[in-house]
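Colleague: Please take a close look at the part near the end of the chain, and then connect it to the rest. I am in my first year, so plain words and the cut-offs would help.

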Amino acid sequence: MNTKLTLTIEEQVIQEAKVLAKSRGQSLSSMVENYFKALTQKEHKGNPVPESKIMQLRGIIKSKGPLDYKKIIEDERIKKYGH
């Protein structure tokens, strides 16, 4: 059963996500649903989301300067899992 979900997200992020979804031949809803499925399946198994899934989101958030994604991901893993 599908249920409607309302999210509050920056307009620019939504527009970029729509372009990405269209380029993949899927709806924005299905892209978000698939991400949530992957995220929850991995969390239920006690494993973090694979880096490849995280890296697919790279570029959606705008930054004032260059970001070291691998360092950010590693720092967050250490905070959450302690290793």
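Modeller: Glu 76 and Lys 79 both belong to helix α4, where they sit 3 residues apart, about one turn of the helix. Helices here are DSSP runs of H or I with at least four residues, strands are runs of E with at least two, and both are numbered from the N terminus. The model is predicted, so local features need pLDDT of at least 70 and side-chain atom pairs pLDDT 80 or more, while totals for chains, interfaces and linings use all residues. Residues are numbered from 1 along each chain as its sequence is written, and side-chain values use heavy atoms, with hydrogens and water left out.

The side chains of Glu 76 and Lys 79 are joined by a salt bridge of 3.0 Å, N to O. That term means a side-chain nitrogen of Lys or Arg within 4 Å of a carboxyl oxygen of Asp or Glu. The two partners differ in cover: Glu 76 is partly exposed at 41% relative accessibility, whereas Lys 79 is exposed at 64%. Buried stands for under 20% relative accessible area, exposed for over 50%, and partly exposed for what lies in between (1.4 Å probe, protein chains only).

Helix α4 (residues 69-81) also holds Asp 75 and Lys 71, which are 4 residues apart and so separated by about one helical turn. Their side chains meet in a salt bridge, again with 3.0 Å from N to O. Asp 75 is partly exposed, with 30% relative accessibility. Lys 71 is partly exposed as well, at 47%.

The structure has 3 salt bridges, and one of them lies in another helix. Lys 37 and Glu 33 are both in helix α2, 4 residues apart, about one turn of the helix. The salt bridge between their side chains spans 3.4 Å, N to O. Both residues are partly exposed: Lys 37 has a relative accessible area of 40%, and Glu 33 has 38%.

Helix α2 (residues 28-44) is also the place of Phe 36. How many aromatic pairs are there? The count is 1, under the rule that rings of Phe, Tyr and Trp (its six-membered ring) pair if their centres lie within 6.5 Å. Planes under 30 degrees apart count as stacked, over 60 as edge-to-face, and the rest as tilted. The pair is made by Tyr 35 and Phe 36, and it is tilted, with 6.3 Å between the centres and 50° between the planes. Tyr 35 is partly exposed at 27% relative accessibility, and Phe 36 is partly exposed at 36%.

Phe 36 also takes part in a nonpolar surface patch with Leu 5, Leu 7 and Ile 9, and together they have about 360 Å² of accessible area. Such patches take residues with over 30% relative accessible area and no salt bridge; nonpolar side chains (Val, Leu, Ile, Met, Phe, Trp, Tyr) are joined within 5 Å, like charges within 9 Å. Areas come from the Shrake-Rupley method with a 1.4 Å probe, and for residues only the protein chains shown count as cover. Leu 5 comes from the segment before α1 and is exposed, at 55% relative accessible area. The C-alpha atoms of Leu 5 and Ser 29 are 9.5 Å apart, with their positions 24 residues apart along the chain.

Now the whole chain. It has 4 helices and 0 strands, in the order α-α-α-α. Of its 83 residues, 11% count as buried. The accessible surface is about 7,100 Å², and carbon and sulfur atoms account for 56% of that. Contact means heavy atoms within 4.5 Å; among contacts between residues at least 6 apart in sequence, 36% join residues at least 24 apart.

Last comes confidence, given by pLDDT, the predictor's score for each residue from 0 to 100. The chain averages 80, and 72% of the residues score at least 70. Among the elements, helix α1 (residues 11-23) has the highest mean pLDDT, 90, and helix α3 (residues 51-56) the lowest, 64. Where pLDDT is low, the predicted coordinates should not be read in detail.
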